[in-house]
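Trainee: I would like a close look at one part of this model, the strands and how they pair. Please set that part in the context of the chain around it.

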Amino acid sequence: MWCLTRLGTRSVINVAGVHPKCRTGQSTKNATQLIKVAVEAALGRRSKLDIYGTDYPTPDGTCIRDYIHVSDLVRAHSDALRYLRAGGASVTLNCGYGHGFSVRQVVEMVKRVCGVDFKVEIVPRRPGDPAQIVAACDRARAMLGWTPQYDDLATIIAHALAWEQTLRRRVRMDR
């Protein structure tokens, strides 16, 4: 990350989901990532979910992001390492699915997957939030031979839900 700051470049990564067998996942308290926050709201760990602005130039007025499953990102890194070990030149590649989902679409999918209609509140925009960020990942696929396996929002959310349920069981066991 030091090079991003020092060289003045910017980067945004929307990594989502957890290991499909719940071996690892995000356990950060007070996380801000949309899917984690929405799943926590569905499980009653948060009183509500805030949507930051509904006046963006997108079909439903909310921000659009390209959410990549953490396992697909790991696979991309593994493929990149194989490429470099085979003598490939240094290159900067985008990793994502090449399409995004709006905040409202993610919230609705979390409600559907979790089977819970949790409270959602519309609040003002956050400064600096761009309307849409979607990865141009064709070069990564072509150069690395990278093929994502979890390019499905419902699957990403189901894995996040399973992880959160696992965390709850672990917390109970620790008491």
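Mentor: What follows starts with the chain as a whole, goes through the strands, and then turns to a few places around them.

This is a predicted model, so confidence comes before detail. The average pLDDT of the chain is 83, and 79% of the residues reach at least 70. Residues 1-15 stay under 50 throughout, and the model gives this stretch twelve contacts beyond four places in sequence. Residues 171-175 are also below 50, with zero contacts beyond near neighbours in sequence. Where pLDDT is low, the predicted coordinates should not be read in detail.

The chain contains seven strands and six helices. Read from the N terminus, the order of elements is α-β-α-β-β-β-α-β-α-β-β-α-α. Of the contacts between residues at least 6 apart in sequence, 82% link residues at least 24 apart. Buried residues account for 36% of the 175 residues. The accessible surface is about 10700 Å², and carbon and sulfur atoms contribute 51% of that.

Now the strands. S5, S3 and S7 make an open sheet of three strands in the order S5-S3-S7, with mixed pairing. S5 (101-102) and S7 (132-133) are the edge strands; each has a single partner strand, so one side of each has no neighbour in the sheet. S3, residues 64-65, runs parallel to S7 and is joined to S7 by two bridges. Within this pair, Arg65 is placed opposite Ile133 of S7.

S2 (residues 49-52) pairs with S6 (residues 120-123) through four bridges, in the parallel sense. Leu49 has Val120 of S6 as its bridge partner. In a regular strand, side chains alternate between the two faces of the sheet. The faces of S2 can be named residue by residue: Leu49 and Ile51 lie on the covered face, while Asp50 and Tyr52 lie on the uncovered one.

Next, the loop between S3 and S4 (68-69), where Tyr67 is found. Tyr67 has a relative accessibility of 8%, and therefore counts as buried, the cut-off being under 20%. Ala135 is 68 residues away from Tyr67 along the chain, yet their C-alpha atoms are 9.3 Å apart.

Two helices complete the picture. H2, residues 34-42, has nine of its nine residues buried, so this helix is largely enclosed by the rest of the structure. The buried set includes Leu34, Ile35, Val37 and Val39, and also Lys36 and Glu40. After H2 comes Gly44, which has a positive phi near 80°.

The other helix is H6 (residues 153-174), where Thr166 has its place. Thr166 counts as buried because its relative accessibility is 11%. A polar atom of the Thr166 side chain lies 2.9 Å from the backbone oxygen of Ala162. The end of H6 calls for caution, since pLDDT is below 50 over residues 171-175. For the strands, the points to keep are the order S5-S3-S7 in the open sheet and the parallel pairing of S2 with S6.

Notes. Residues numbered from 1 in each chain as written. Heavy atoms only, no water. Pairing = 2+ DSSP bridges. Buried < 20%, exposed > 50% of the residue type's maximum accessible area, 1.4 Å probe, protein only. Contact = heavy atoms within 4.5 Å. Areas by Shrake-Rupley, 256 points an atom, 1.4 Å probe, with all protein chains shown as cover. pLDDT = per-residue confidence, 0-100. Polar contact = N/O pair within 3.5 Å; in protein donor to acceptor, adjacent residues only side chain to side chain.
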